[in-house]
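Student: I am new to this structure. Could the terms be explained as they come up?

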Amino acid sequence: MRTAPRAPRGRLARARCARRTWVARRSGYAGVVVRSLYLHVPFCPHICPYCDFHKMRRDASLVQRYLDRLEREAQALSARYPDPLDTVYLGGGTPSHLSDAELGRVVALLDRGWGFPAAEETTLEADPCTFTPIRLEHLRSLGFDRLSIGLQSTQDAVLRFLGRAHDGRQGTQAVRWALSAGFRVNADVITAVPGQDPERDLRAVAELGVRHMSVYTLTVEPHTPFALRGVRIDPEREADDFELAALVLAEYGLQRYEVSNFAVPGEESRHNLAIWRGRSYLALGPSASAYLPDPGPFGRRLRNPDMRGYLEAAAPQEERLSARDVVLENLMTGLRTREGVDLGALEARTGLRLEALAPRWLGTALRHALLRREGARLRATEPGLARLDALLRAYAREA
Ligand code: SF4
């Protein structure tokens, strides 16, 4: 799956991955309230050759050890950050690949820690092969209200090329079932795939009636089977498909509100928006990343180890953020979105002015209409969104 924002690792890496994731009760840690949680389920029914996420095939005993560790991790985390959650996102991997009993354990550990479901939105990433109408009823009864479905395409040849286990008919049927069951549905679509008719895919998915779509251009990540096979993506095709998605989906009322995400107004992912707005979030599971607000003033990022270290309870990687890191991170997440970045609020928080940190970068981006200022807000224009990775790399070089 590729929907939840993935946490950045390291300063320049953060710039590189830019295109890619309130009920009051006093916290156990003075002044700290965290309202969102991401939980990583690394098991997949099949391994896609383009995927560089932390994932693996399941085996029953490994799943049991993973769940045991997850229970201990949730217990410790909820003791420190006990406030009820607004959003919970189960990503992966393929969380819907867990059996009903296994998913029941995940729900129970979240319920013991924070209460379940979350107050505003509880999302499960799902593969079309892993549910039926009966299973969807069960998922609803557990408390999930939003499904993010790894559809990717409606064209059989494209799905075969991507190494997906479902065909176009199974994928579209899965989306129809999810909508009929009353879920808010996101459908993932990949464009710029060799041999794909992207407009046909975009229209076919929009016509299913989904009110949220995540549209990614295929990227060939190092060390993946696609990279080893020498698969190449035409950069012009990538740029064309990026523009095409906005034009086609606007006809169906789906507006681009983030580089890769489109929604009918009001149907945006609340979990992802919270993260793109720079809010703190908790994380559970192997390779999962958190942004915690303590210690002050700027908090820290934690990244859990991959499965082997995770099962041994190895310590997560920790990075304490400086004021400059906070500015970079806010630009990286905020400029992805239509909302942009509130430079006044950022200055009040960090004591840093963007005009002083990167004057040349800011002047050039404004002059070339890649960025736009409206009062205290700085937003990326449509051409700026298309070049966001390069724009953020240029910022990181100067600041
Ligand atoms: S289903 Fe999603 S997470 Fe699993 S291998 Fe495929 S793309 Fe990666």
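Tutor: Two strands count as paired if DSSP finds at least two bridges between them. The model is a predicted one. In this model, valine 341 stands opposite leucine 378 in E17.

Student: How do you know that E15 (341-342) and strand E17 (residues 377-380) are paired?

Tutor: 2 bridges join E15 to E17. The rule asks for at least two bridges, so E15 and E17 pair. The two strands run antiparallel.

Student: What makes E15 and strand E16 (371-374) edge strands?

Tutor: Each of them pairs on one side only. The open sheet has 3 strands in the order E15-E17-E16, with antiparallel pairing.

Student: Why is the span of helix H12 (323-334) called close to the expected one?

Tutor: H12 has 12 residues, and the expected span is 1.5 Å times one less than the number of residues, therefore 16 Å is expected. From its first C-alpha to its last, H12 reaches 16 Å.

Student: Why is H12 called mostly covered?

Tutor: A residue is buried if its relative accessible area is under 20%. In H12, 11 of its 12 residues are buried, so the helix is described as mostly covered. Among them are Ala323, Leu328 and Asn330.

Student: Which elements give two or more residues to the lining of the second largest pocket?

Tutor: That pocket has a volume of about 420 Å³. Of the 22 residues that line the pocket, those closest to its centre are Arg277, Gly278, Arg279, Asn330 and Arg349. The elements in question are H12, E15 and helix H13 (343-350).

How values were computed
Residues numbered from 1 in each chain as written. Predicted model: local features only at pLDDT ≥ 70, side-chain atom pairs only at ≥ 80, totals over all residues. Heavy atoms only, no water. 1 Å grid on protein atoms, 1.4 Å probe; cavity = no way out; pocket = protein on both sides within 12 Å on 5 of 7 lines; lining within 4 Å. Points joined across faces, edges and corners; volume = space filled by probe spheres on them. Helix = DSSP H or I, 4+ residues; strand = E, 2+ residues; numbered from the N terminus. Buried < 20%, exposed > 50% of the residue type's maximum accessible area, 1.4 Å probe, protein only.
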